[in-house]
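This note is offered to a colleague who is meeting the structure for the first time. Please read the points below with the sequence and the model in view.

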Amino acid sequence: LKAFVPFGDAFNHLSSEHPVFSYEPGNDRFSIVSDRNYSAGEQVYSSYGEKDNDELLSLYGFVEEDNAHDTFRLHSLPAFLTAQPNGPTRLQQLSPYNVAESAMDGELARGGVPSSETMQALRAFVATDEELPPVDDAVRLFQALSFENEVRAIALLREHVVAARKAMGGSAKEDKELLRGDGGGKKRKKGSKGALEDSAGGEGGGLG
(Lines give C-alpha, C1' and ligand atoms only; values in the text may rest on other atoms or scores of the structure.)
Protein backbone atom coordinates (compact mmCIF):
# COMPACT_ATOMS: atom_id res chain seq x y z
CA LEU A 1 0.00 0.00 0.00
CA LYS A 2 1.37 3.37 -1.01
CA ALA A 3 -0.26 6.52 0.27
CA PHE A 4 0.46 10.16 0.95
CA VAL A 5 0.15 10.78 4.69
CA PRO A 6 0.09 14.48 5.63
CA PHE A 7 2.68 15.28 8.32
CA GLY A 8 3.89 11.69 8.18
CA ASP A 9 7.28 12.92 7.00
CA ALA A 10 7.55 15.51 9.76
CA PHE A 11 9.27 13.05 12.08
CA ASN A 12 13.05 12.87 12.13
CA HIS A 13 14.76 9.55 11.47
CA LEU A 14 16.33 7.21 14.01
CA SER A 15 17.17 3.70 12.86
CA SER A 16 16.46 2.19 16.28
CA GLU A 17 12.81 3.28 16.11
CA HIS A 18 10.15 0.94 14.70
CA PRO A 19 6.78 2.71 14.75
CA VAL A 20 3.78 0.94 13.25
CA PHE A 21 2.05 2.70 10.35
CA SER A 22 -1.50 1.50 9.70
CA TYR A 23 -4.75 2.52 8.06
CA GLU A 24 -7.98 2.38 10.04
CA PRO A 25 -10.82 1.81 7.54
CA GLY A 26 -13.54 2.38 10.13
CA ASN A 27 -12.22 5.81 10.98
CA ASP A 28 -10.82 6.51 7.50
CA ARG A 29 -7.49 7.59 8.90
CA PHE A 30 -3.86 6.57 9.19
CA SER A 31 -2.27 6.00 12.56
CA ILE A 32 1.37 6.00 13.61
CA VAL A 33 1.95 4.11 16.85
CA SER A 34 5.33 4.18 18.57
CA ASP A 35 6.92 0.94 19.71
CA ARG A 36 8.12 2.52 22.96
CA ASN A 37 7.14 5.08 25.57
CA TYR A 38 8.29 8.68 25.36
CA SER A 39 8.77 11.19 28.16
CA ALA A 40 7.05 14.57 28.07
CA GLY A 41 9.04 16.94 25.88
CA GLU A 42 11.09 14.18 24.28
CA GLN A 43 11.40 14.24 20.51
CA VAL A 44 9.36 11.54 18.76
CA TYR A 45 11.16 9.76 15.94
CA SER A 46 10.20 7.64 13.00
CA SER A 47 12.35 5.39 10.81
CA TYR A 48 12.97 5.86 7.10
CA GLY A 49 13.92 2.20 6.81
CA GLU A 50 17.05 0.09 7.24
CA LYS A 51 19.34 2.39 5.28
CA ASP A 52 23.09 2.85 5.58
CA ASN A 53 24.64 6.30 5.71
CA ASP A 54 25.35 6.37 1.97
CA GLU A 55 21.63 5.99 1.30
CA LEU A 56 20.61 8.48 3.99
CA LEU A 57 23.04 11.06 2.66
CA SER A 58 22.01 10.67 -0.98
CA LEU A 59 18.26 10.50 -0.29
CA TYR A 60 17.80 12.85 2.68
CA GLY A 61 21.01 14.85 3.05
CA PHE A 62 22.17 13.62 6.46
CA VAL A 63 24.02 10.75 8.10
CA GLU A 64 23.33 9.02 11.38
CA GLU A 65 26.06 8.55 13.96
CA ASP A 66 26.34 4.93 15.15
CA ASN A 67 23.98 3.78 12.39
CA ALA A 68 23.35 0.09 13.02
CA HIS A 69 22.70 -0.46 9.31
CA ASP A 70 25.83 1.27 8.06
CA THR A 71 28.16 -0.60 5.73
CA PHE A 72 31.66 -0.15 4.37
CA ARG A 73 31.57 -0.57 0.60
CA LEU A 74 34.61 -2.40 -0.75
CA HIS A 75 34.55 -0.64 -4.12
CA SER A 76 38.25 -1.21 -4.74
CA LEU A 77 38.30 -4.93 -3.87
CA PRO A 78 38.45 -6.04 -7.54
CA ALA A 79 41.43 -3.75 -8.16
CA PHE A 80 43.03 -5.01 -4.94
CA LEU A 81 42.72 -8.63 -6.08
CA THR A 82 44.09 -7.73 -9.50
CA ALA A 83 47.13 -6.15 -7.84
CA GLN A 84 47.97 -9.35 -5.95
CA PRO A 85 50.82 -11.56 -7.25
CA ASN A 86 49.46 -13.34 -10.35
CA GLY A 87 46.18 -11.55 -9.68
CA PRO A 88 45.08 -11.07 -13.31
CA THR A 89 45.90 -14.69 -14.16
CA ARG A 90 44.09 -15.94 -11.08
CA LEU A 91 40.96 -13.90 -11.81
CA GLN A 92 40.98 -15.17 -15.39
CA GLN A 93 41.17 -18.75 -14.12
CA LEU A 94 38.25 -18.07 -11.80
CA SER A 95 36.08 -16.31 -14.39
CA PRO A 96 33.58 -19.23 -14.49
CA TYR A 97 33.00 -18.55 -10.78
CA ASN A 98 32.25 -14.84 -11.38
CA VAL A 99 34.76 -13.86 -8.70
CA ALA A 100 35.37 -10.38 -10.12
CA GLU A 101 31.63 -9.70 -10.27
CA SER A 102 31.14 -10.89 -6.68
CA ALA A 103 34.04 -8.73 -5.52
CA MET A 104 32.38 -5.66 -7.06
CA ASP A 105 29.49 -6.15 -4.61
CA GLY A 106 31.84 -6.42 -1.66
CA GLU A 107 30.87 -4.76 1.61
CA LEU A 108 31.27 -5.05 5.35
CA ALA A 109 28.34 -4.66 7.69
CA ARG A 110 28.76 -2.72 10.93
CA GLY A 111 30.94 -4.80 13.23
CA GLY A 112 33.07 -6.07 10.35
CA VAL A 113 30.83 -8.86 9.07
CA PRO A 114 31.56 -9.44 5.34
CA SER A 115 28.74 -9.96 2.87
CA SER A 116 28.27 -13.47 1.47
CA GLU A 117 29.37 -12.24 -1.97
CA THR A 118 32.59 -10.86 -0.50
CA MET A 119 33.47 -14.13 1.18
CA GLN A 120 32.54 -16.13 -1.92
CA ALA A 121 35.04 -14.14 -3.98
CA LEU A 122 37.82 -14.31 -1.37
CA ARG A 123 37.43 -18.04 -0.70
CA ALA A 124 37.72 -18.80 -4.39
CA PHE A 125 40.67 -16.43 -4.86
CA VAL A 126 42.79 -18.02 -2.11
CA ALA A 127 41.61 -21.61 -2.66
CA THR A 128 44.06 -24.34 -3.52
CA ASP A 129 43.26 -26.74 -6.36
CA GLU A 130 42.10 -29.27 -3.76
CA GLU A 131 39.83 -26.76 -1.99
CA LEU A 132 38.20 -25.17 -5.04
CA PRO A 133 34.88 -26.89 -5.81
CA PRO A 134 33.79 -27.70 -9.39
CA VAL A 135 32.01 -24.90 -11.20
CA ASP A 136 28.72 -26.80 -11.09
CA ASP A 137 29.06 -26.94 -7.29
CA ALA A 138 30.18 -23.33 -6.83
CA VAL A 139 27.42 -22.79 -4.27
CA ARG A 140 29.83 -24.34 -1.76
CA LEU A 141 31.79 -21.06 -1.87
CA PHE A 142 29.06 -19.47 0.22
CA GLN A 143 30.27 -21.61 3.12
CA ALA A 144 33.72 -22.16 4.58
CA LEU A 145 35.72 -24.57 2.42
CA SER A 146 38.17 -25.35 5.21
CA PHE A 147 39.56 -23.70 8.30
CA GLU A 148 42.81 -22.89 6.50
CA ASN A 149 40.99 -21.37 3.51
CA GLU A 150 38.84 -19.22 5.78
CA VAL A 151 41.90 -17.91 7.61
CA ARG A 152 43.58 -16.96 4.31
CA ALA A 153 40.43 -15.30 3.02
CA ILE A 154 39.93 -13.22 6.18
CA ALA A 155 43.61 -12.25 6.23
CA LEU A 156 43.39 -10.99 2.65
CA LEU A 157 40.21 -9.08 3.45
CA ARG A 158 41.84 -7.48 6.48
CA GLU A 159 44.84 -6.42 4.40
CA HIS A 160 42.54 -4.72 1.90
CA VAL A 161 40.41 -2.97 4.54
CA VAL A 162 43.46 -1.65 6.40
CA ALA A 163 44.94 -0.33 3.15
CA ALA A 164 41.63 1.22 2.06
CA ARG A 165 41.11 2.93 5.43
CA LYS A 166 44.69 4.20 5.47
CA ALA A 167 44.28 5.64 1.98
CA MET A 168 41.31 7.71 3.18
CA GLY A 169 43.55 9.63 5.57
CA GLY A 170 42.67 10.83 9.04
CA SER A 171 41.38 8.62 11.81
CA ALA A 172 38.14 7.26 13.21
CA LYS A 173 38.31 9.91 15.94
CA GLU A 174 38.55 12.67 13.34
CA ASP A 175 35.63 11.13 11.45
CA LYS A 176 33.45 11.36 14.57
CA GLU A 177 34.55 14.94 15.20
CA LEU A 178 33.60 15.90 11.66
CA LEU A 179 30.27 14.11 12.01
CA ARG A 180 29.50 16.05 15.19
CA GLY A 181 30.68 19.30 13.62
CA ASP A 182 33.57 19.70 16.08
CA GLY A 183 36.00 20.72 13.33
CA GLY A 184 39.44 19.18 13.21
CA GLY A 185 40.62 16.83 10.56
CA LYS A 186 42.48 19.30 8.35
CA LYS A 187 44.55 16.42 7.09
CA ARG A 188 41.44 15.01 5.44
CA LYS A 189 41.71 17.79 2.87
CA LYS A 190 44.31 15.74 1.07
CA GLY A 191 41.30 14.20 -0.39
CA SER A 192 39.16 11.31 -1.16
CA LYS A 193 39.77 11.52 -4.90
CA GLY A 194 41.60 8.40 -5.85
CA ALA A 195 41.96 7.38 -2.21
CA LEU A 196 40.54 3.90 -2.60
CA GLU A 197 42.42 3.42 -5.81
CA ASP A 198 45.62 3.91 -3.78
CA SER A 199 44.67 0.90 -1.70
CA ALA A 200 44.60 -1.38 -4.73
CA GLY A 201 48.33 -1.66 -5.05
CA GLY A 202 51.61 -0.66 -3.54
CA GLU A 203 50.39 -0.35 0.04
CA GLY A 204 49.23 -3.89 0.63
CA GLY A 205 52.45 -5.27 2.05
CA GLY A 206 53.37 -4.70 5.66
CA LEU A 207 49.98 -3.41 6.72
CA GLY A 208 48.73 -6.54 8.43
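1. A residue is called buried under 20% relative accessible area, exposed over 50% and partly exposed in between, with a 1.4 Å probe and protein chains only. By this definition, 31% of the 208 residues in the protein chain are buried.

2. This is a predicted model, in which local features need pLDDT of at least 70 and side-chain atom pairs count only at pLDDT 80 or more, while totals for chains, interfaces and linings use all residues. Numbering starts from 1 along each chain as its sequence is written, and side-chain values use heavy atoms, with hydrogens and water left out.

3. The average pLDDT (the predictor's confidence in each residue, from 0 to 100) is 80 for the protein chain, and 85% of the residues score at least 70. Over residues 185–208 the pLDDT is below 50; this stretch nevertheless has 38 contacts (heavy atoms within 4.5 Å) beyond near neighbours in sequence in the model.

4. The protein chain contains eight helices and seven strands. These are DSSP runs numbered from the N terminus: helices are H or I with at least four residues, strands E with at least two. Of the elements, helix α3 (residues 87–93) has the highest mean pLDDT, 94, and helix α8 (residues 195–198) the lowest, 41.

5. Strands β2 (residues 20–24) and β3 (residues 29–33) pair in the antiparallel sense over five bridges; pairing requires that DSSP finds at least two bridges between two strands. Val 20 stands opposite Val 33 in β3. The two strands form a hairpin with four residues between them, and Asp 28 in the turn has a positive phi of about 50°.
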